[in-house]
Amino acid sequence: MECLKIKKLINPKWFSSSIDNIEDQEMIGSYCENCNKTYFPIKRVCPSCMTIDKMKPRPLSKLGKLYSFTVGEVGPTGFKTPYAFGWVDLPRDGIRLFSLLTDCEPFEKKLRVDMDVEMVIDVIKESEEGELLYGFKFRPVINKRGKK
Amino acid sequence: MREVVVLGIGMSQFGKQPEKGIRELGEEALYNALIDAEIDKKKIQIAFCGYVLGSLNGQEVCPGQIVLRELGIGEIPVLRVENGCASASFAFKEAWRAVASGEYDVAVGMGIEKMTGLGKGAILKAMGGGSDFELEGNLGLTFPGVFAMIARRHMHEYGTTMKQLAMVAVKNRKNGSLNQKSQFREVVTIEDIENAKMIAHPLTLNHCCPFSDGCAVAILTTKEIARKYTTEPIFIASSVQKSGTYTDSLDITRFEPTIKASAEAYKLAGIGPEDINLAEVHDCFTIAEIIHYEDLGFCKKGEGGMLIENGATQIGGRIPVSTSGGLLSKGHPLGATGVAQIVEIVEQLRGKSGPRQVSNAKVGLAHCLGGFMHGDVCSCSVTILKK
């Protein structure tokens, strides 16, 4: 009955307003044209150079490196355990994101520190009203032959 | 600034105490502190009270007033201090500032927390508010998860082992077994720790501090006033607080706020890490204590695992750490922990710690952390006390 559930973005301000299909969404950050730094989520003022008129929206890089990870056997309300999460560095953008990890079972074999990961748009959790809340997750990079 | 001393200390029992609310926990600790200080309650001129999870148990505002009223103390200014798990450390520092500045002569720094009965899921969600909730807590981050990721990275960088992590819990449980106020009183083995329920890989339940109820109180005054009450006041040599930088690409195997706060605290006290006789550190998880050894300068970066393994941080070792049992054994009532650490250091420096006494203790250090977001600590406190 999954298909009957309402799909929602967990936080609309993180995403592109011009993309309708939720699975095709992109994460939007702010790029400072004055000092070349990227921020997420979107900021009005660049905290590095304090300019306000050079901050432009820009999709985040989808390629990351897994800085560290764990699998939680307990979790806050709304999360089905066990669930994997980690800190992911985006080398192009110079930012680190906390993120859920997916397509990584068994994690002992599939995950390792500093491995390449890629962003996907997927369900983060279910709301108290039963809606599916979508956001970004990362998964091990799948090479061209389809092997992980 | 005037020289400030700790005149009196008091603690409630720590642990799961379903029959007690903050009223009873607070009364117990405050009464003990007043008796210990041998001072008339009318002399207290201001109080600062650390408290974190008020929104979950109904008493969201004025916890300090609730406790002081139990012993008929009113009229004076009372402030709530909220700074995550370091709330009481910051309350203690504000009590110091009130006396050091000359505005007040006698001040209370205290902290309290009631966690039993709030529900595990609700506490985990509320503690997600100790991170950047929008970007971390709301996406599933938990504190055991944070320290599990830190542990994995520390093991990756420095070869620290799960056995070394477990040894921290074994040591602190042993210390806690010697402390009547401790939540856990039974010793555990490395096997017990390995076989406990998994919480966040690779950390099992015994790598994590428990949920606790408790209160701790310190009464501060000037050196001159203290002379009327005691011949053995404990001096606050320095107390330094910091927050994080939260920059991307931080090395999570070290906590920069601890490094900076301790460097300043050592300088102000005119000593170095080699002069510390004992320390209470923020051992919320086993890996945390190992990192604190390194950040506080008790060993070189990356050698924290070896320091626990060679026994240096046991009672009787070169630098005993978490002699009270620490957060891992004594318990971690969030808003009370920072002052509970002060209670332990003061007792040790007075030579009143019984079976867990560190011999010839003259200088002690208390280190507390609160909140964690974007790979960095939100609040950090380092206080050095001396005889």
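## A strand on the inside

Let us start inside chain B. All eight of the eight residues of strand 1 of chain B are buried, so this strand is largely enclosed by the rest of the structure. The model is a predicted one, and the strand is a good place to begin reading it.

Which strands does strand 1 of chain B pair with? One partner is strand 7 of chain B, joined to strand 1 by seven bridges, with the two strands running antiparallel. Within this pairing, B:Gly8 has B:Ile219 of strand 7 as its bridge partner. Strand 8 of chain B also pairs with strand 1 in the antiparallel sense, over two bridges. There, B:Val6 is matched with B:Ile234 of strand 8. In general, strands of a sheet pair through backbone hydrogen bonds, in either a parallel or an antiparallel way.

## Two domains in chain B

Stepping back, chain B is assigned two domains: domain 1 covers 4–118 + 213–237, and domain 2 covers 131–208 + 238–386. Taken over C-alpha atoms, the centres of these two domains of chain B are 23 Å apart. Their contact draws 39 residues from domain 1 of chain B and 35 residues from domain 2 of chain B.

Which elements supply the domain 1 side of this contact in chain B? Those giving two or more residues are strand 1 (4–11), helix 4 (87–100), strand 4 (106–113), strand 7 (214–222) and strand 8 (234–242) of chain B. Helix 4 of chain B gives the most to this side, with eight residues. Sorted by class, the side of domain 1 of chain B that touches domain 2 has 25 nonpolar, ten polar and four charged residues.

## An enclosed helix

Another enclosed element of chain B is helix 11, residues 286–295. Ten of its ten residues are buried, so helix 11 of chain B is largely enclosed by the rest of the structure. Among these buried residues are B:Thr286, B:Ile290, B:His292 and B:Asp295.

What do the buried residues of helix 11 of chain B pack against? Their neighbours are helix 6, helix 7 (162–177), helix 10 (256–269), helix 12 (304–309) and strand 10 (363–373) of chain B. Just after helix 11 of chain B comes B:Gly297, which takes a positive phi of about 85°.

## Where the chains meet

Chain A and chain B are in contact through 25 residues from chain B and 25 residues from chain A. On the chain B side, the elements giving two or more residues are helix 5 (120–128), helix 6 (143–158) and strand 5 (198–200) of chain B. Helix 6 of chain B gives the most to this side, with six residues. This is a helix we have met before, as one of the elements that the buried residues of helix 11 of chain B pack against.

How do the residues on the chain B side divide by class? There are ten nonpolar, nine polar and six charged residues on the side of chain B that touches chain A.

## A small sheet in chain A

Chain A has an open sheet of three strands in the order 3-2-4, with antiparallel pairing. Strand 3 (38–39) and strand 4 (55–59) of chain A are the edge strands, each pairing on one side only. Strand 2 of chain A, residues 28–32, is joined to strand 4 of chain A by five bridges. In this pairing, A:Tyr31 has A:Lys56 of strand 4 as its bridge partner.

The loop between strand 2 and strand 3 of chain A holds A:Asn36. Phi of A:Asn36 is near 65°, a positive value in a residue other than glycine. Is A:Asn36 buried or exposed? A:Asn36 counts as exposed, because it has 11 C-beta neighbours inside 10 Å, and the cut-off for exposed is 12 or fewer.

## Loops with unusual backbone details

The loop between strand 7 (95–101) and helix 1 (107–110) of chain A holds A:Pro106. A cis peptide bond joins A:Glu105 to A:Pro106, with omega at about -5°. A:Asp103 also lies in the loop between strand 7 and helix 1 of chain A, and its phi is near 55°, a positive value in a residue other than glycine. With 16 other C-beta atoms within 10 Å, A:Asp103 is partly exposed.

Chain B has a cis peptide bond as well, between B:His201 and B:Pro202, where omega is about 10°. B:Pro202 sits in the loop between strand 5 and strand 6 (203–204) of chain B.

Methods. Residues are numbered from 1 along each chain as its sequence is written. Chains are lettered from A and ligands numbered from 1 in the order in which they are written. This is a predicted model: local features need pLDDT of at least 70, side-chain atom pairs count only at pLDDT 80 or more; totals for chains, interfaces and linings use all residues. Domain bounds come from an automatic or database domain assignment. Two residues are in contact if their C-beta atoms, placed from the backbone, lie within 7 Å. Helices (H or I, at least four residues) and strands (E, at least two) are DSSP runs, numbered from the N terminus. Ala, Val, Leu, Ile, Met, Phe, Trp, Tyr, Cys and Pro count as nonpolar, Asp, Glu, Lys and Arg as charged, and the others, Gly among them, as polar. Two strands pair if DSSP finds at least two bridges between them. A residue is buried if 20 or more other C-beta atoms lie within 10 Å of its own, exposed if 12 or fewer, and partly exposed in between; C-beta atoms are placed from the backbone.
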